[in-house]
Amino acid sequence: MKINIPKMNIESAHSDYIAMKDGSKTYNEFKAFSYYSPAYVVTNEDIRWVSELTSTEAKKVLTVMGSGEQPMFYSLNGATEIDTFDISFCAKAISDIKTVAIHKLSRKDYTHLLTDLHFSRNISSIPNIKQILSEIPKNSQTFIQQMNDCNIFSNGLSPQNYIDYLPTNEEFETMQKKISQPFKFIWTDIKSLHSRLIKEYDVINLSNILEYMKKEQIHSILASLRNYVRPEGYIIAQTGNWGIYKNRQAFYEASKKFKRWAKIGYIQKDKTNANSEMIAVLQRTR
């Protein structure tokens, strides 16, 4: 089987962005998610809570890269082997910035940096960015420099809307001790993810990606990952209340379809609050 592995193409990356009157470039929203779509600078999901749920057993983790908080919080909660994936290279870029920035900056300056990155029209002009870029992996460094006038970190709302999802002072200090290098990154869309994997994990976190999939696609993706989560391990779909509602029938049918090797259920953060965050969880039983 031929494996589709993206190759960096700056010309193609620039073509995903539209020139504005001020000379900057903003992402073409009609393209949805792509190999160069903007990254979130702060997660919009409670990865702190989700990563704590499996803190005892999750030593080997595969998680969507997202904003970079995903692997950072799994590291905080005891994971010792963390691989990441994402369709967008911008996700790797923001994560690489963070793994250096937590050692270079105070938590206050770190938070300011994320806000600057989210709104920036000229990345090279951001305070503290030069010393950070000089220490991140070369491929991310070159990509960021060549995309300097593009808003590659502008996905979602302002970081101020998700301030509670940022590391606390204590978490920030612990991350400084536990995170010493960039996270391994697999550049792929979720449909091809299984073709890039070579080992089993205790937990595979798909974030809310399945919200964008049809029922048949959800079933295909879950089945394709069976051999890469250990028996008794978990595949987590952090879909939130809206995503759970949208995909409830798909998960119900999957629970019947995969009953010989898996069970699927839901975990809600606050059972006394019907609106609190909820995730779908598949546990491999054999």
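Me: Helices here are DSSP runs of H or I with at least four residues, strands are E runs of at least two, and both are numbered from the N terminus. With that settled, where does Ala32 lie?

Reply: Ala32 lies in the loop between strand 2 (25–27) and helix 2 (47–53). Bear in mind that this is a predicted model.

Me: What makes the phi of Ala32 worth pointing out?

Reply: Its sign. Phi of Ala32 is near 55°, a positive value in a residue other than glycine. Glu232 is another such case: it is not a glycine, yet its phi is positive, at about 80°. Glu232 lies in strand 7 (residues 229–237).

Me: And why is Glu232 called partly exposed?

Reply: The relative accessibility of Glu232 is 40%. Buried means under 20% and exposed means over 50%, so a value in between is partly exposed. Glu232 therefore counts as partly exposed.

Me: Let's zoom out. How many helices and strands does the protein have?

Reply: There are 10 helices and nine strands.

Me: What makes you call the protein as compact as a globular protein of that length?

Reply: The radius of gyration is 19 Å, and the globule rule gives 19 Å for 286 residues, so the protein is as compact as a globular protein of that length. Along the principal axes, the C-alpha atoms fill a box of roughly 55 × 40 × 35 Å. Of the 286 residues, 55% are buried. Contacts tell you about the fold too: among those with a separation of 6 or more, 73% join residues 24 or more positions apart.

Me: What about the surface: how much area does the protein expose, and what share of it comes from carbon and sulfur?

Reply: About 13700 Å² is exposed, with carbon and sulfur atoms supplying 49% of it. As for charge, the protein has 37 positive and 30 negative charges, and their mean positions are 7 Å apart.

Me: Why would a set of residues be called a nonpolar core?

Reply: Because its members are buried Ala, Val, Leu, Ile, Met, Phe, Trp, Tyr or Cys residues, joined through side-chain atoms within 4.5 Å. The largest such core has 59 residues, and those with the most contacts inside it are Leu117, Phe143, Ile144, Ile152 and Phe153. Helix 4 (residues 89–104) gives the largest share, nine residues. A second, separate core has 30 residues, including Phe85, Leu222, Ala250 and Phe251. In soluble globular proteins, nonpolar side chains tend to be buried together.

Me: Which residues does Phe153 contact, leaving aside its neighbours within four places in sequence?

Reply: Among them are Pro38, Val41, Cys90, Ala93, Ile94, Ile97, Leu117 and Ile144.

Me: Helix 4 also holds Lys98. Is that lysine buried or exposed, and how do you know?

Reply: Lys98 has a relative accessible area of 0%, under the 20% cut-off, so it is buried. Beyond its neighbours within four places in sequence, Lys98 is in contact with Val41, Val42, Ser67, Glu69, Met72, Tyr110 and Leu114.

Me: Phe183 sits in the loop between helix 8 (169–178) and strand 5 (184–187). What makes it buried or exposed?

Reply: Its relative accessible area is 10%, again under 20%, so Phe183 is buried. Outside its neighbours within four places in sequence, Phe183 has contacts that include Met65, Pro71, Met72, Ile82 and Thr99. Thr99 is 84 residues away along the chain, with 8.3 Å between the C-alpha atoms.

Me: How do you know where to put Ala274 and Thr272 on the buried-to-exposed scale?

Reply: Set them against the 50% cut-off. Ala274 is at 66%, which is over 50%, so it counts as exposed. Thr272 is at 75%, so it counts as exposed as well. Ala274 is in the loop between strand 8 (262–268) and strand 9 (278–284), and Thr272 is found in that loop too. Not counting residues up to four places away in sequence, Ala274 touches Asn241 and Gln268.

Me: One last residue. Why is Leu157 called partly exposed?

Reply: Its relative accessible area is 49%, and exposed means over 50%, so Leu157 stays in the partly exposed class. Leu157 is in the loop between helix 7 (138–146) and helix 8. Leaving aside its neighbours within four places in sequence, Leu157 is in contact with His118 and Tyr162.

How values were computed. Residues are numbered from 1 along each chain as its sequence is written. This is a predicted model: local features need pLDDT of at least 70, side-chain atom pairs count only at pLDDT 80 or more; totals for chains, interfaces and linings use all residues. Side-chain values use heavy atoms; hydrogens and water are left out. The radius of gyration is taken over C-alpha atoms; the globule rule is 2.2 Å times the number of residues to the power 0.38. Buried means under 20% relative accessible area, exposed over 50%, partly exposed in between (1.4 Å probe, protein chains only). Contact means heavy atoms within 4.5 Å. Accessible areas come from the Shrake-Rupley method with a 1.4 Å probe; for residues, only the protein chains shown count as cover. Lys and Arg count as positive and Asp and Glu as negative; His and the chain ends are not counted. The place of a charge is taken as NZ of Lys, CZ of Arg, CG of Asp or CD of Glu.
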